[in-house]
Amino acid sequence: MIRNRLTGLGPPMVVGVAGLGLWEGIVWGFGIREFLLPRPSSIMDRLSENWPMLRQAGWETGRIAVSGLVAGIVAGVLLALVTTRFRTLNEGLTPLAVAVNATPIVALAPIFNAWFGITGTLSNQAVVVAIVFFPVFINTARGLTEVHPDELELMRSYAAGEWTILREVRIPNALPFFANALRVVAPLSVIAAIVAEYFGGPQNRIGNIITSSAAFARYDVAWAAIAVASAVGLGLFAAALLLERVSMPWRLVDGGSENHNTPGREK
Amino acid sequence: MSQPVASEVAVVVSGVHKVFNVDSADEVTALSDIDLTIGAGEFVSLIGPSGCGKSTLLRLIGDLLTPSVGEVTVFGKPAHAARLDQDYGMVFQHAGLFDWRRVAANIELPLELRGWSRVDRAARSAEMLELVRLPEFGGHYPRQLSGGMQQRVSIARALSFQPKLLLMDEPFGALDEMTREHMQLELLRIWRETGTTVVFVTHSVSESTFLSSRVVVLSARPGRIHSIVDVDLGDRTDDTREDPAFFAKATEVREALRGRGGAR
Ligand SMILES: Nc1ncnc2c1ncn2[C@@H]1O[C@H](COP(=O)(O)OP(=O)(O)OP(=O)(O)O)[C@@H](O)[C@H]1O
Ligand SMILES: [Mg+2]
């Protein structure tokens, strides 16, 4: 299994390196000017030149993303648990959440600045929370409620109460749904943090390094900041995958009978 | 149509009708006029064409459904009270194992809910796995098992807490002939040793004849009791399957199934 994972990393690595090579070659071969599209090698140079600043910025933006991510997950899961308990609340809230989730929530960033202050990190974190909350809530609530009727019948035959059913059936049933949401929101939290930083918040974060570098036509520095942000996003995505693996060992085993109501398992 | 002599009564179904989706376009009368008394310690099979309401009757006894008319008593209590007292174990038509629990942990679930200690649970699930001939599979996840193996685990789960009443919905349907015959004998052994009452749904004439003391033959649309065949073949062994008396009874059940009121 582990070996499969590692060999699975091979092809994307090869394609990635080849892609960078192609990029380098095209920029060089066609003489594309560096401020339009810098070569990967010059991005690497800017990265190492500005490493202390970029590392610090990546760290700070990462903190915004992770703190907002955690808060959004906690809020989403808690509300999902509450709505599962009260069916009418669930029926009223879920369609609403689905609708809100379909709106461009990042557009709220400037408004959050007015609400939570433009100098602190709070308004940036609020954007991340707002982005993370809805997918987590919607998916977790689905996983908690879309339990196979046979499983509920079995628990009723044991005279199990709602609390026991929640613990023994609903929560394990919701784990794969939650994991799917996590895979989406983990990298999304970094995007949300950066977009929020475009509009305000403390200086020297990935977001405002990108905007100010671009303003001074230092696109190569902007690209270096984007590279750092990508690394942070990939790191969070990898953490989400890892969490998924350790929390659901039964999904790792090979087996023919795919469960009825759980979202597809990635191979 | 003899009713068991006054001794303790396990299940009484009286004047039961069950209608699904009342007052809507797809209203279905699943069962009508069901009267059935099952004595404690009896082994009763329900047989009838697909859709005649066998599973529905079993669910009514288990208080997983409530009758539209009539009432169901289990061990002298309303079915609802019996369910809350966890008086019965049920094997569903679909194995219904929890994906996230290993096989042994699935078997131990009802024991866990009854507050058994870890050690007792482990001992019992090992014993049950032995019984259903899956001793080496306790550590597997259900999805690593075939359908028939999963069904055996679900039987082990229902037997694990030795309920006074076993409700089984086509439990051996997914098993191969050899395993099925083995499980039939094991079930009869458990039934004799524990004195439990069994209500057993099946499609198979020979299975119902081999296992039961009475076979309840249902007819379809609406589901009614067509007739009840008493089967008195003494203690069953593998030889019973070749006994002329067994064939005679099986023929009687088959005739009843074909009788008027049979579906289609
Ligand atoms: N929950 C339900 N809602 C509506 N109709 C139902 C429901 N459960 C059963 N029925 C209907 O009741 C009738 C009896 O169903 P039931 O499952 O009891 O049949 P069965 O004898 O167990 O059939 P099979 O042998 O195929 O398992 C069928 O017509 C079915 O469509
Ligand atoms: Mg059925």
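## Polar and charged pairs between the domains of chain B

In this predicted model, the count of salt bridges (a side-chain nitrogen of Lys or Arg within 4 Å of a carboxyl oxygen of Asp or Glu) between domain 1 of chain B and domain 2 of chain B is zero. Three residue pairs, both at pLDDT 80 or more, are in polar contact there; such a contact is a pair of N or O atoms within 3.5 Å, where within protein one must be able to donate a hydrogen and the other to accept it, and residues adjacent in sequence count only if both atoms are side-chain atoms.

## Extent of the domain boundary

Domain 1 comprises 9-87 + 163-257 of chain B and domain 2 comprises 98-160, with bounds from an automatic or database domain assignment. About 1,100 Å² is buried between the two domains of chain B, 68% of it on carbon and sulfur atoms; this is the accessible area (1.4 Å probe) that two parts lose on being put together, summed over both. Gln86(B), His182(B) and Met183(B) supply 36% of the area that domain 1 buries against domain 2, more than any other three residues.

## Magnesium site

Ser55(B) (OG) and Gln93(B) (OE1) coordinate the magnesium ion (ligand 2) at 1.9 to 2.4 Å; donors are N, O and S atoms within 2.8 Å of the metal (3.2 Å for Na, K and Ca), and water is not among the atoms, so sites may look incomplete. Ser55(B) is buried, at 16% relative accessible area, whereas Gln93(B) is partly exposed at 36% (buried is under 20%, exposed over 50%, partly exposed in between; 1.4 Å probe, protein chains only).

## Basis of the values

Residues are numbered from 1 along each chain as its sequence is written, while chains are lettered from A and ligands numbered from 1 in the order in which they are written. Local features need pLDDT of at least 70, side-chain atom pairs count only at pLDDT 80 or more, and totals for chains, interfaces and linings use all residues; side-chain values use heavy atoms, with hydrogens and water left out.
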